[in-house]
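Please open the model in your viewer and keep the selection panel at hand. The tour below proceeds from one selection to the next.

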Amino acid sequence: MSEFESQLGEVKAKLKYPSATTLATLVESLSELLEEASFTITKEGVKAVGMDPAKVAYIEVTIPYANFLEYEVPEEGVNLGANLSALSRALSRVKKTDVVTLEVSPSNLLVRVEGQTIREYLLPNLEVSSEVPEIKLEHTAHVKILSDPFKRALSDAGEFGDVVELEATENMFAVRAASEKRVEAKFLSGSASLVAIEVNERTTSRYDFNYLDKVLAMAKVADAVDVQFSTDRPLELKFESPGGMSVRYVLAPAAAGAAPAAEEKAEAAREEEEESEGEEAEAEGEEEEGGSEEE
């Protein structure tokens, strides 16, 4: 028995997960939105639900018990509260072939990473409020798109602005930057990237790229993403891995005027830069004139 095992206390649940990198990606994405999370561990699997402090984004993660190599949980289930930053650090240097074991007691969580070496981390099992309202939505646009092209389209749009605009019509889905520097990716019905599209009416809405960027890493665990939204209504993204692990992410639309504000900010920065360059050029000219007079 290791020193950490002796401090752990009575073990109520023991879970062994085969892919340390997948688990690390999941925890890192959660930590971008939440400081702490409450995990409900039952006979069916592990579930975590949370909302960011600003109440702009909601995330729901489900890992079925069949995804684990070992899964020992009592009938009544177990609750685990974790500081996500600490848990993410514990998983930060894992390799794809590493296996992660989680042992949960009423007061502690033991994280064991087994690969070429065995590393252990003892974290507190925290009391975390899990009172998050259930979110049910109806959408006018339902799009299923391959993860990698969708991730690239969002990343490209994010390079040109803080707000991303999504548009869906009967046979087209577009991702663009909602700014004066237009960049757009269009996916047409029948293309290899666009798996399916169902649109009740032309749908357009804008979302904060910084919040979308927080979950783009989830694209690594899913081959395709379900994108569902309505005009000026919340966006719903669903990622599901081949093994059945799923992530549901709901994001409120960007506030009205967010894109113009971002454009004004960018324009002000450009004007300031141009003014600074003008002053430098003027100063250099004066120095040259001074040098000529001395001669």
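The stops that follow concern the whole protein, its pocket, its cavities and two loop residues.

**The whole protein**

Begin with everything displayed, bearing in mind that this is a predicted model. A cartoon representation shows six helices and 18 strands. Of the 295 residues in the protein, 44% are buried. The exposed surface comes to about 16,000 Å², and carbon and sulfur atoms supply 45% of that area. Contacts may be displayed next: among those with a separation of 6 or more, 66% are between residues 24 or more positions apart.

**The largest pocket**

Select L34, E36, G50, M51 and V132. These are the residues closest to the centre of the largest pocket, out of the 16 that line it. The volume of this pocket is about 260 Å³. Now colour β2 (36-41) and β3 (45-51), each of which supplies at least two residues of the pocket lining. Colouring the lining by class gives eight nonpolar, three polar and five charged residues.

**The largest cavity**

How many cavities of 30 Å³ or more does the structure hold? There are two. For the largest, select L23, F39, V46, I63 and L102, which lie nearest its centre among 18 lining residues. This cavity has a volume of about 210 Å³. Keep β2 and β3 coloured and add α2 (20-33), β4 (57-64) and β7 (99-104); each of these five elements supplies at least two residues of the cavity lining. Thus β2 and β3 contribute both to the lining of the largest pocket and to that of the largest cavity. By class, the cavity lining has 17 nonpolar residues, one charged residue and no polar residues.

**The second largest cavity**

Move to S147, F150, K151, L154, V215, L216, A219, V225, L237 and F239, the residues that line the second largest cavity. Two elements, α4 (147-158) and β17 (235-240), give two or more residues to this lining. The largest share, four residues, comes from α4. The space within this cavity is about 40 Å³. Its lining divides into eight nonpolar residues, one polar and one charged.

**T140**

Next, centre the view on T140, in the loop between β9 (118-124) and β10 (141-146). Is T140 buried or exposed? T140 counts as buried because its relative accessible area is 15%, under the 20% cut-off. Display the side chain of T203 as well: a polar contact of 2.7 Å joins it to the side chain of T140. To see the wider surroundings, select E198, V199, N200, E201, T203, F229, S230 and T231, all touched by T140 when residues up to four places away in sequence are not counted.

**S193**

The last stop is S193, in the loop between β13 (184-188) and β14 (194-199). Since its relative accessibility is 19%, and the cut-off for a buried residue is under 20%, S193 also counts as buried. Which residues is S193 in contact with, leaving aside its neighbours within four places in sequence? Select K144, I145, L146, P149 and F187 to display them.

Note on methods
Residues are numbered from 1 along each chain as its sequence is written. This is a predicted model: local features need pLDDT of at least 70, side-chain atom pairs count only at pLDDT 80 or more; totals for chains, interfaces and linings use all residues. Side-chain values use heavy atoms; hydrogens and water are left out. On a 1 Å grid over the protein atoms alone, a cavity is a set of points where a 1.4 Å probe fits but cannot get out, and a pocket is an open set with protein on both sides within 12 Å along at least five of seven lines; lining residues have an atom within 4 Å of a point. Grid points are joined across faces, edges and corners, and a volume is the space filled by probe spheres set on the points. Ala, Val, Leu, Ile, Met, Phe, Trp, Tyr, Cys and Pro count as nonpolar, Asp, Glu, Lys and Arg as charged, and the others, Gly among them, as polar. Buried means under 20% relative accessible area, exposed over 50%, partly exposed in between (1.4 Å probe, protein chains only). Contact means heavy atoms within 4.5 Å. Accessible areas come from the Shrake-Rupley method with a 1.4 Å probe; for residues, only the protein chains shown count as cover. A polar contact is a pair of N or O atoms within 3.5 Å; within protein, one must be able to donate a hydrogen and the other to accept it, and residues adjacent in sequence count only if both atoms are side-chain atoms.
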